[in-house]
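Colleague: Please give me a close look at how the aromatic rings sit among the helices. I would like one connected walk through that part, with the cut-offs explained as you go.

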Amino acid sequence: MSKDAVATAQAAAHPQAAERPADAGDAGYSKDLKARHVNMIAIGGAIGTGLFLGAGGRLRDAGPALAIAYLVAGVFAFFVVKALGELVLYRPSSGSFVSYAREFLGEKGAYVAGWMYFLNWSTTGIADITAIALYTHYWSMFTSIPQWVLALIALAVVLAVNLISVKIFGEMEFWFAIVKVATLVGFMLIGIFLLATQHEVSGQTPGMGMITDHGGILPHGVMPVVLVMQGVIFSYAALELVGVAAGETAEPHRIVPRAVNSIMWRVALFYVGSVVLLALLLPSSLYSGDESPFVTVLSGIGVPAAGDVMNLVVLTAAMSSLNSGLYSTGRILRSMAMAGSAPRFTGVMSRSQVPYGGILLTCAVCVLGVGLNYLVPSKAFEIVLNVASLGIISTWVIIMICHLVFVRRARAGLVERPGFRLPGSPVTEIVTIAFLLAVIGLMWNDEEVGRKTVLLVPVIAVMLVAGWFGVRRRVAHQAGQELPTAKE
């Protein structure tokens, strides 16, 4: 049978396939990510800097109710990833939600989705290198080195690794995730042992008394729990990485459903379980935003090396997050560059099939973060965390809007939904969007950082509009060219 006959037969079997617009940015990738890579990338996305470093300050501010905040936000995060997983099975793409926004919302939607995601990961990269510098300062031999120098070194190391190949990235993330999961499981076993034996931690006896004798579940009221919600959302920010990674695997239809469906129990176990244990081991007031809460606990049980080991692990978690950010923005920016909405150099691929242009652009923004660490080292992490939250919330909202349009077209018979589906559509999408927008609105109550972050929204909007007028001619020119279709 000829190749033309095979293509015709496939188009007849899947009528919508011939009409699906292919993302020009998908061409040239190696498809070297295996099932174990994607599964561990999904796990790694659920365990990062937001838990290992951010949970300390949030537990101090919100108290044990932080566990409820993680659970609520985790449910909505699962809905977002489930919706993205359905879109991935409909049409895998390294451009991920930017590619889907282009198909369902048009080029303007793809433009907004891509640049807001870039805002998220470039500022997250700043948060990561800040976290790395803070972790390194835990050891006395590094305290004399300025925080910005350590941040710059970390950025240089991760950049070098990310530029080699996607296979190296996958292996690096695989082992980083193994270390993070093993450490969290080990910590939880130690925590359960401390609870069962009533072993003192920093002079405190673990148990329910750590909650009931120190203000209860809400020691500072409801508002602090509301105010930390954007930070909680940030903790889940890398979950959508599964959608990007699916574009570089040979078997997305087999791998993605398994990875997505396992996210919910990981959230419950690693986030909610860890925070509950932390709250039972020490009063929430003893935790700090400058130190990992796990280091605080392990250093308090009298084992000299415990804090050092845990600090090394959370250091690798921050490196992993930074590595993931460079990976994902490189792919997203390439998809945008091929459509004309990002600088041309971000569409360039290396001989090892790595879109290094976008990776270098993200690093350039992270270098600005090195300057932030120089100017305001004590506030750098919280400042960029709030800005990154705007990026990830907008990205998640766009994913849900894309899914709404996708389902509407499916009901009209224009596309076909896969068997792997987001339940409860369209109610699930609408409720999730309302929750995410409410989180931004509630940030206004935080006068110190949150309100300033909300005031950035119109500034970002103006920049996006100005940017669109700068690229619209190139976008129109690119759209006028003949693009390959899915059957080709």
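Modeller: Happy to. Buried here means under 20% relative accessible area, exposed means over 50%, and partly exposed is what falls in between, using a 1.4 Å probe and protein chains only. This is a predicted model, in which local features need pLDDT of at least 70 and side-chain atom pairs count only at pLDDT 80 or more, while totals for chains, interfaces and linings use all residues. Numbering starts from 1 along each chain as its sequence is written, and side-chain values use heavy atoms, leaving out hydrogens and water.

Let us start with the rings. The structure holds 14 aromatic pairs; rings of Phe, Tyr and Trp (its six-membered ring) pair if their centres lie within 6.5 Å, with planes under 30 degrees apart called stacked, over 60 edge-to-face and the rest tilted. One of these pairs is Tyr70 with Tyr271, a tilted one, at 5.1 Å centre to centre and 45° between the planes. Tyr70 belongs to helix H5 and Tyr271 to helix H15 (residues 263–281), so this pair ties together parts 201 residues apart in sequence. Helices are DSSP runs (H or I, at least four residues), as strands are (E, at least two), numbered from the N terminus. Both partners are shut away: Tyr70 is buried at 0% relative accessibility, and Tyr271 is buried with a relative accessible area of 0%.

Another pair has a different pose. The ring centres of Phe187 and Phe294 are 4.7 Å apart and the planes lie at 90°, so this pair is edge-to-face. Phe187 sits in helix H9 (residues 166–197) and Phe294 in helix H16 (residues 293–299), so to speak distant parts of the chain, 107 residues apart. Phe187 is buried at 3% relative accessible area, and Phe294 is buried at 0% relative accessibility. Returning to the tyrosines, Tyr70 and Tyr271 join Tyr236 in one aromatic cluster.

Helix H15 also holds Ser274, which is buried at 0% relative accessibility. Setting aside neighbours within four places in sequence, Ser274 is in contact (heavy atoms within 4.5 Å) with Leu184, Met188, Leu269 and Phe294. Phe294 is thus a name we have already met, as the ring partner of Phe187.

Now to H5 itself. Helix H5 (residues 66–90) packs against helix H20 (residues 427–442) at an angle of about 130°, with the axes 10 Å apart. Axes are lines fitted to C-alpha atoms, for helices over the stretch in contact, and angles run from 0 to 180 degrees between N-to-C directions. That angle makes H5 oblique to H20; angles under 35 degrees count as roughly parallel, over 145 as roughly antiparallel, 65 to 115 as roughly perpendicular and the rest as oblique. The crossing of H5 and H20 is left-handed, that is, the near helix is turned anticlockwise from the far one by less than a right angle, clockwise being right-handed. From H5 the contact uses Val72, Ala73, Phe76, Phe79 and Val80, and from H20 it uses Thr428, Val431, Thr432 and Phe435. These residues divide into 7 nonpolar, 2 polar and no charged, where Ala, Val, Leu, Ile, Met, Phe, Trp, Tyr, Cys and Pro count as nonpolar, Asp, Glu, Lys and Arg as charged, and the others, Gly among them, as polar.
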